[in-house]
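Student: Could you take me closely through the salt bridges of this model, residue by residue, and say how the partners are placed and how far each is open to solvent?

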Amino acid sequence: MNYKDWKLLLGPYHQAVEELKVKLKGIRTEYERENVHSPIEFVTGRVKPIPSILDKAKRKNIPFDKLEEEMQDIAGLRMMCQFTDEIPSVVEMLRKRKDFEVVEERDYISHKKESGYRSYHVVAKYPVQTAKGEKKILVEIQIRTLAMNFWATIEHSLNYKYGGIFPEDIQLRLLRAAEAAYRLDEEMSLIRGEIQEAQVIFSRKDSD
């Protein structure tokens, strides 16, 4: 495919990401207006770069004419939570939304990957309004804690460096780090009330 073909293919994905970032960030804003703790810390989004799409298509044996059907994460968003037990409530919010349809869920928190990866994935079909009419785009939304995201970001970088085949010592340290991140989330959950109370006090002081 040439540059023009890629631009036509990815245009609706960029539109979907930008629209959903605004909508999902809006949830946090609503909580803030009501002075209620938001389960959403922040939201990010991106369209997968072309080299990454090509690499994944090769690894997964996905033909180019099936990219839109079989590659679920060309458009990707991440919703960060402070605490693990906030993730189910965020997932439930997504299930109840009327502006897209949840078509698949993958729970890598209760069932972590062998690498140590933890996150909750929701795949949604989002309708984008284009000049040629409505186009439904597959979007992957990852919901995770800040600790999970730190680990996943580092693992992702190392994965590119080593081509997915980690040296044994690196693999062992990543597993240890994944468990340390999980224990951090557990410990923070135990003092959740204290943390939230402190954040409210700090927020009030900061706004004075």
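Tutor: What follows goes through the salt bridges helix by helix and then turns to a nonpolar patch on the surface. The model is a predicted one, and in it side-chain atom pairs count only at pLDDT 80 or more. With a salt bridge taken as a side-chain nitrogen of Lys or Arg within 4 Å of a carboxyl oxygen of Asp or Glu, the count comes to 15 salt bridges.

Helix α1, which covers residues 3-33, holds both glutamate 18 and lysine 21, and these two are three residues apart, about one turn of the helix. Their side chains meet in a salt bridge, with 3.4 Å from N to O. The two partners fall into separate classes of accessibility, since buried means under 20% relative accessible area and partly exposed covers the range between that and 50%. Glutamate 18, at 45% relative accessibility, therefore counts as partly exposed, while lysine 21, at 17%, counts as buried.

Helix α1 also carries glutamate 32 and arginine 28, which are four residues apart and so separated by about one helical turn. The side chains of glutamate 32 and arginine 28 meet in a salt bridge at 3.1 Å, again N to O. Here glutamate 32 is partly exposed, with a relative accessible area of 42%, and arginine 28 is partly exposed too, with a value of 26%.

In helix α2, residues 50-60, arginine 59 and aspartate 55 are four residues apart, so that about one helical turn separates them. Their side chains form a salt bridge of 3.2 Å, N to O. Arginine 59 is exposed, because its relative accessible area is 53%, whereas aspartate 55, at 33% relative accessibility, counts as partly exposed. Beyond these pairs, Lys23, Arg97 and Asp99 are joined into one network by salt bridges that share partners.

A nonpolar patch completes the picture. Leu184, Met188, Leu190 and Ile191 form this patch on the surface, and together they have about 380 Å² of accessible area. One of its members, leucine 184, lies in helix α6, which runs over residues 168-190. Patch members need over 30% relative accessible area and no salt bridge, and leucine 184 is partly exposed, with a relative accessible area of 42%.

How values were computed
Residues numbered from 1 in each chain as written. Predicted model: local features only at pLDDT ≥ 70, side-chain atom pairs only at ≥ 80, totals over all residues. Heavy atoms only, no water. Patch = residues over 30% accessible without salt bridge, like charges linked within 9 Å, V, L, I, M, F, W, Y side chains within 5 Å. Areas by Shrake-Rupley, 256 points an atom, 1.4 Å probe, with all protein chains shown as cover. Buried < 20%, exposed > 50% of the residue type's maximum accessible area, 1.4 Å probe, protein only.
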